[in-house]
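Here is a brief report on a predicted model. It covers helix packing, burial and backbone geometry.

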Amino acid sequence: MRKGRAAGALVLAALLTNATGASVVPPEAPAVTYTAWTWNISGHKMNHGRTDSGLIEEAVGSIRRAENAVDFVSFNEICHSQYRAVRARLASWNPDNPSFARFQEAIPAGSKGADGRRICGGESFGKALFSRHRLGDAEYRTFAQESGLYYRSDDGVRRPLMNGLLCAPLVDRPTMRFCSVHIGPISTRKKPYGHHQLVELDGILDGFADAGLTYMIAGDFNANPDYDRLNRLYAPEVPEPSGSRGRAPNYDEDRELDDTDSSCPGYGEETSAEPQAGLPCGLSRPKIDMIFVRGDRLASPDYSADAKAIPSCTEIDEAGALKPGNSEPCSDHRVLIGRATLLVDP
C-alpha cells in the first residue's frame, strides 16, 4: 500500500478546491541541491577518544574542502571530546550560522566497555550532525529495539546500548530534515536486532513523507545493500547488484545516493575496511555506510555519491597512547559524500 501513497497524495493535492469551488494549485516545491558527508570514525574503539592523532584535522579538512561543497555532516561512533573539537573547528564554516551542531548520546560519560576499558576516556559516546545551514530544534529518537551490545555505566550496572536517530530541520527551510543514524550490527534469525531497528526507522521516514517533509538520512546501517532487511528502504527501480544472492524484491520508495555507481549498480562502492567473501560485483569489502533520500522528492535523476580513501592518523596503542612516527588508518570506515537535488516544500 505504501507505494500508492505518494501518487495518491499528488492526485489529492491536484484536486483540492477552495471554498468557492475553484481549483487550488499547490505551490511549486523549489529544487535545492544538498551534499551530505558521513563517517563512522570509530572514536572509541580505534581512537580511544583522542583528538590529537590527526583524526579531527582529517575530518574537518574533508568537510571544508571546497570541491566537496558539503552542506550536512553525520558522524557515527564519536566521543563528546571529538564532537567538541570538530565543533570548534567548524565554527567559522559559516560565520552567519550560530546553530550548526547537534550531539546524541548513546553511552553516558563514565561508562566502561566489555573489556573494562573506559569508553571515550570517560566521556560520553554517540552520534553527531553538523550543518552549513542554520538548524532548528533537534529531534532525538531512540529505537525501542536494543542493539544486542552492552556497556557498564558509572554505577557498575550492565546496560543495553540503544541506537537511535538524530534529526534537525533547517530554520530557513523547515520542511527539510537532515538525519544521522546508526543501526546495530547484530541481526540474525535468532537475534534480529538490526532488522527491528530498520523497521522502526522505516516507519519514522514514512511519517516524514506523509507529513510532506523532505529528508536526507546518512550513517552506518550495518547492512549490505543486497541484504533482505534493507529492501524495506530501497525502491523497486533499484537494480539487483550483479552476483547478488537473489534477495527479496525492494518495495519502498528510497534511493541510496550511490546506487547508480557504475562499478556496481544497485550496490555502490565499498565503505567498510573489513574483508568479506561472496560480495556482488567482485567486491572484497562491503558497503554499510549510506545516504538515503525519498525517491519522489528527487528533482533530478543526477544524484551520486563517492566513498573516499581512509586517511592515515598517528598510531594509538592499546593503552590509548600515541606512537609518534607510526601511522595507521584513522578509522575502519571510509567517508561517504553524496549529492542530490531535492524538492523542498516552502
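What follows deals with two helices, two loop residues and three further sites.

**Conventions.** This is a predicted model, in which local features need pLDDT of at least 70 and side-chain atom pairs count only at pLDDT 80 or more, while totals for chains, interfaces and linings use all residues. Residues are numbered from 1 along each chain as its sequence is written, and side-chain values use heavy atoms, with hydrogens and water left out.

**The α2/α3 pair.** Helix α2 spans residues 55–64 and helix α3 spans residues 80–89. Helices here are DSSP runs (H or I, at least four residues) and strands likewise (E, at least two), numbered from the N terminus. The axes of α2 and α3 come within 10 Å and cross at roughly 40 degrees. Axes are lines fitted to C-alpha atoms, for helices over the stretch in contact, with angles from 0 to 180 degrees between N-to-C directions. The crossing angle makes α2 oblique to α3. Angles under 35 degrees count as roughly parallel, over 145 as roughly antiparallel, 65 to 115 as roughly perpendicular, and the rest as oblique. The crossing of α2 and α3 is right-handed, meaning that the near helix is turned clockwise from the far one by less than a right angle.

On the α2 side, the contact (heavy atoms within 4.5 Å) is made by Leu-55, Ile-56, Glu-57, Val-60 and Arg-64. On the α3 side, Gln-82, Ala-85, Val-86 and Arg-89 take part. These residues divide into five nonpolar, one polar and three charged. Ala, Val, Leu, Ile, Met, Phe, Trp, Tyr, Cys and Pro count as nonpolar, Asp, Glu, Lys and Arg as charged, and the others, Gly among them, as polar.

**Burial in the helices.** Buried means under 20% relative accessible area, exposed over 50%, and partly exposed in between (1.4 Å probe, protein chains only). In α2, Leu-55, Ile-56, Ala-59, Val-60, Ser-62 and Ile-63 are buried. Seen down the axis of α2, they fall within an arc of 160 degrees, so they line one face of the helix. The arc is that of the directions from the helix axis to the C-beta atoms. Their cover includes β1, β2, α3, β14 and β16.

The buried residues of α3 are Ser-81, Gln-82, Tyr-83, Ala-85 and Val-86. They pack against α2, β2, β3 and β4.

**Positive phi.** Two residues other than glycine have positive phi values. His-48 is near 55 degrees, in the loop between β1 and α2. Ala-69 is at about 50 degrees, in the loop between α2 and β2. His-48 counts as buried at 15% relative accessibility, whereas Ala-69 is partly exposed at 39%.

**Three further sites.** The table pairs each site with a residue distant in sequence.

| Site | Partner | Sequence separation | C-alpha to C-alpha |
|---|---|---|---|
| Cys-264 | Pro-241 | 23 residues | 6.3 Å |
| Asp-202 | Asp-254 | 52 residues | 10.0 Å |
| Arg-152 | Arg-118 | 34 residues | 9.4 Å |

Cys-264 sits in the loop between β11 and β12. Its relative accessible area is 0%, so Cys-264 is buried. Beyond four places in sequence, Cys-264 touches Pro-241, Pro-280, Cys-281 and Leu-283.

Asp-202 belongs to helix α4, residues 193–210. Asp-202 counts as buried, at 2% relative accessibility.

Arg-152 is in strand β6, residues 150–152. Arg-152 is partly exposed, with a relative accessible area of 41%. Its contacts, leaving aside neighbours within four places in sequence, are Ser-111, Lys-112, Val-157 and Arg-158.
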